[in-house]
Each structure stands twice: as structure tokens, then as C-alpha cells.
Amino acid sequence: MDGNVESEVTSVLKSNGKVFDPAAVASEPVPPVVAADGAIVENKREIVLGRNVHTTCLAITEPDFDDESTGDKEAFMAGVLARYRKTLIERTKHHLGYPYNLDFDYGALAQLQHFSINNLGDPFIESNYGVHSRQFEVGVLDWFARLWEIEKDEYWGYITNCGTEGNLHGILVGREVFPDGILYASQESHYSVFKAARMYRMECVKIGTLVTGEIDCADFKAKLLLNKDKPAIINVNIGTTVKGAVDDLDLVIKTLEECGFSHDRFYIHCDGALFGLMMPFVKRAPKVSFKKPIGSVSVSGHKFVGCPMPCGVQLTRIEHINALSRNVEYLASRDATIMGSRNGHAPIFLWYTLNRKGYKGFQKEVQKCLRNAHYLKDRLREEGISAMLNEMSSTVVFERPLDEEFVRRWQLACERNMAHVIVMPNVTVEKLDYFLNELIIKRSIWYKDEKVRPPCLAADIGSENCVCPLHK
Ligand SMILES: *Cc1c(COP(=O)(O)O)cnc(C)c1O
């Protein structure tokens, strides 16, 4: 790896005389983790926060009066950027934990970075601001409308800043449709769902999950029956963040119906940030479709598709939007989005990739991801490492590495005793082999002494997937 970056960091730490102590930051007690059956799974684990960047930030300095003539400042800044670029290349090479496809080439779009493209307002109603990309945005939305089976004149949507914004919007639409509705979400839903509940001051009921990470519909049923007098707003996960689990949408709908909720008393938002764009291309996978009684679907654009900036797509039914939006004279457009100014570059990046790859291209990439994820899981198990891979997922959950430095090097995401690798199109078998070889060597060092044992993952991924000393 790029030794320069690390040594730069250490030297700055030293020169500042401050040594960053993660324990000092992360000393807040962690609430106990409670399983669906009410048992306390684990009492306390300190959440390890990343390094404090403030000791290594790049300060802004006032230009000197003769900077322009000497060119010193230009040269200094060029040097900083060149070093930063090297770090990006190195960090891109060692990235496995977050669901970002880092493999793309948008060279053709470089010519557009001189423009301040902004789609503020409604995508379908031109604003007075003319430097926009609505023609691309609506083209992309139509593509998603076809994917999720809704007619052009029946949907409304927009390109968001990220998957979170899609969730904030979908849940807001649900709340506007049912102002006294209760939000139901499985405990493995993304934190943005609970953030939405806090922001909108909604009553929120957490539902337990199965060992796969899917919503437990028996628990859902029990909780619905306790609140039959209030409409239900449900967040359904199409790929959970940690385990990549897909909630059974059809079973969720069936459960609602069985509990006496008619279609005009529930609203379903599908959080497809992670897997919403991959699932349509998985053979035999159940469908996310507006032919079913769902209210909205969102997806992240920078995950599977790959994009230099975060972005996402949110689609809902037009009838809901007509009810909640406001016309704004200042814009000569309509306000129905969460953000005001909206990134007008993002739709062009999405448009570019969708055009280039198409359904066929995505299908091939999804198949490759699933194949490589299976390869990784099988290799881990062959090496005697606890691992789980859900059927419709490219998220491989495995034993949390003992050493935080290793976790940082590979940018793994960890929770409790689990770590995961999310196999995206840029993750090749060669890269997985490189990672596996390192992991195997490190483990032989970590667990050389019999007294240090690999963690048990039975509570996290089931004893059938755990090969810790107790379960093998
Ligand atoms: C990533 C993710 C989100 C949030 O998306 P961002 O684009 O990071 O805001 C929401 N839900 C799930 C399941 C995710 O994986």
C-alpha cells in the first residue's frame, strides 16, 4: 500500500503532539442488542470510530500578494492534488466493504464540468433557470418506470442526492397520505429510515428479523394486530445494508391483508438503495413492481451503477405527489422534492451508463457479482472461516477481523462480530484472491496462540454458518 499516506498521517499526529485516541471518542455506552425473541444477544461493544480527520486536514491559506507572479501557490496546490490523486488510486484498489461500483469511465462527460447544472424544482416542469438537465433526468426516470412497471402518466419521481433522500421522500409521501400512520420497519433497516421517523416525529415500530436479515412477518403480524386502528406505513428492504437480505414483499402484503388492512389503509415504501437495481436481473427473483400495492421505490445511483458523485432515484405514484406538492412562483415550478437545488450532473451520468449498458449489460454484471460472491463465500468456508451469503445477494458476511488496521486497509464495514464484503462489478476474482491470501496470513498470526479464538457468529448468521471453535 501507499506508505507515504500512512507516514504522512503519523508525522502530522506527532508534530501536533496529539495522539488520536478512539476510545476517548467512543466511550458512550452501547445499548444492548435484543433479538426478535427478546433475548439480549450482546451486552456491550464499543463502536470504534474512524480517525479524527481534524489533525490531518488540509488548511486553507491566504494567497500571498505575489503568488500570481511567482506561481508558488499554484505549484503547491498542484502538488497537494497530485498526492491526493495517488491516495485515491490506492484506496480504490483496496476497497471491498461498501457497495460502490468503482469501475466506470465517464471521460466523455468531462466537457460538462464547466457548467453549473441544476434541476431545482420538479423534474417534469421546467423552471426559469435554464442550465438544467431535465431532458436527461426524465429519460432516466422513464427507464426506471419501465423497470418497476408503472405507466409514464402514472408515476412521478426524481433523481435524488442519494438513497437516503429517496427514503426520506418515500416515507414523507407515506406520512402525507396517512398523517396518523405508524411506521413499521425491520430492525435491520438502514439508519436513514429511523432518521426519517425522528425527523417527521412519526411513531415507529421496529420489527424483528430472521437470521438471514429478512423481516420476520410473524412479528410484523403481532405488532400490526396491536395497532389495527391506525394506518400502516411500511419500509420494505430490497437488500439490507449489513446482510443484503431481501424482505419478502409478497408476504408483507399478505400479512397486511390478513390483519384486515385494506389497500387504502397502508403505504409501502421499498428501500432498494442496495439491491433494487440488481434484483430485477436475478433469475427467479420476486419482483418489485407498481402492479403490486406499493407506494414508492428508491435506489442509490452510485452503488451498483457507479457514479463519481452520490445520487439516487425515487419513484412514486403521481396521485400522491399531486396531493402534497406546492407551486412556487419564484421557480415557476413545483416543489415536491426534499432538496431545493438538485445536482444536474448526476442524471447525465446515469443516462450515460444506462444507455451504454442497458438491461443486457446489467444482467451480465449482476450474474458476475453473484458468481464472485459465491466464490468468496466458498473460499472463506474452505479456510475454516464463518461466512454467510444470502440467496439473492452479493453481500458476503464473515468473521470480523481481529485487527482494526486490516479492517481499515480493506475498508470493510463491520457490525458486532460480523464484517462484510459486497461484491460489486469492479470486484474481480483476482482482487478477492489477493484479499483472501492476506486474510489467511493475518489470521495465522492473530490466532497462533490458542488462547485467542476467532469470534462466534452463531447469533449473527446462525450456527449452521458459524465455524468458530464451538460450532465447527
Ligand atoms: C446505502 C443504503 C441506503 C442509503 O443510501 P445512501 O445512498 O448511502 O444515502 C439506504 N438503504 C440501504 C439498504 C442501503 O444499503
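Start with the ligand shell, by class. Eleven residues are polar, four are nonpolar and one is charged. Keep in mind that this is a predicted model. The shell holds 16 residues. Closest to the ligand are Cys162, Gly163, Thr164, His190 and Ala273. Which element gives the largest share of that shell? Helix 6, residues 163-177, with three residues.

Now the interior. The largest nonpolar core has 102 residues. Five of them touch the most other members: Val140, Trp148, Leu350, Val396 and Val423. The top contributor to this core is helix 12, residues 346-382, which supplies 13 residues.

Take Trp148 from that list. Which residues does tryptophan 148 contact, once neighbours within four places in sequence are set aside? Val288, Ser289 and Phe290 are among them, and so are Val297 and Leu315.

Next, helix 5. This helix covers residues 134-147. Is its length what we should expect? Let's check. There are 14 residues, and at 1.5 Å a residue the helix should span 20 Å. The C-alpha atoms at its ends are 20 Å apart, so the two values agree.

Which residues of helix 5 are buried? Here is the list. Arg134, Phe136, Glu137 and Val138 are buried. Val140, Leu141 and Phe144 are buried too. Ala145 and Leu147 complete the set. Note that Arg134 and Glu137 are on that list. Val140 is on it as well, and Val140 also appeared among the core residues that touch the most other members.

What covers these buried residues? The cover includes strand 3, residues 155-160, and strand 9, residues 312-317. Helix 12 is part of that cover, and helix 12 is also the element that gives the most to the core. Just after helix 5, look at glutamate 149. Its phi is positive, about 60 degrees.

Last stop, strand 13, residues 395-399. Five of its five residues are buried. Val396, from the core list, falls within this strand's range. Strand 13 has two partners to show you.

One is strand 12, residues 387-389. Strands 12 and 13 pair antiparallel, over three bridges. A hairpin of five residues joins them. Across this pairing, methionine 388 stands opposite valine 397.

The other is strand 15, residues 418-422. How many bridges join strand 13 to strand 15? Five, and the two strands run antiparallel. One pair to find on screen: phenylalanine 398 has alanine 419 of strand 15 as its bridge partner.

Technical notes: Residues are numbered from 1 along each chain as its sequence is written. This is a predicted model: local features need pLDDT of at least 70, side-chain atom pairs count only at pLDDT 80 or more; totals for chains, interfaces and linings use all residues. A residue is near a molecule or strand if its C-beta atom, placed from the backbone, lies within 6 Å of it. Helices (H or I, at least four residues) and strands (E, at least two) are DSSP runs, numbered from the N terminus. Ala, Val, Leu, Ile, Met, Phe, Trp, Tyr, Cys and Pro count as nonpolar, Asp, Glu, Lys and Arg as charged, and the others, Gly among them, as polar. A nonpolar core is a set of buried Ala, Val, Leu, Ile, Met, Phe, Trp, Tyr and Cys residues joined through C-beta atoms within 7 Å. A residue is buried if 20 or more other C-beta atoms lie within 10 Å of its own, exposed if 12 or fewer, and partly exposed in between; C-beta atoms are placed from the backbone. Two residues are in contact if their C-beta atoms, placed from the backbone, lie within 7 Å. The expected span of a helix is 1.5 Å times one less than its number of residues. Two strands pair if DSSP finds at least two bridges between them.
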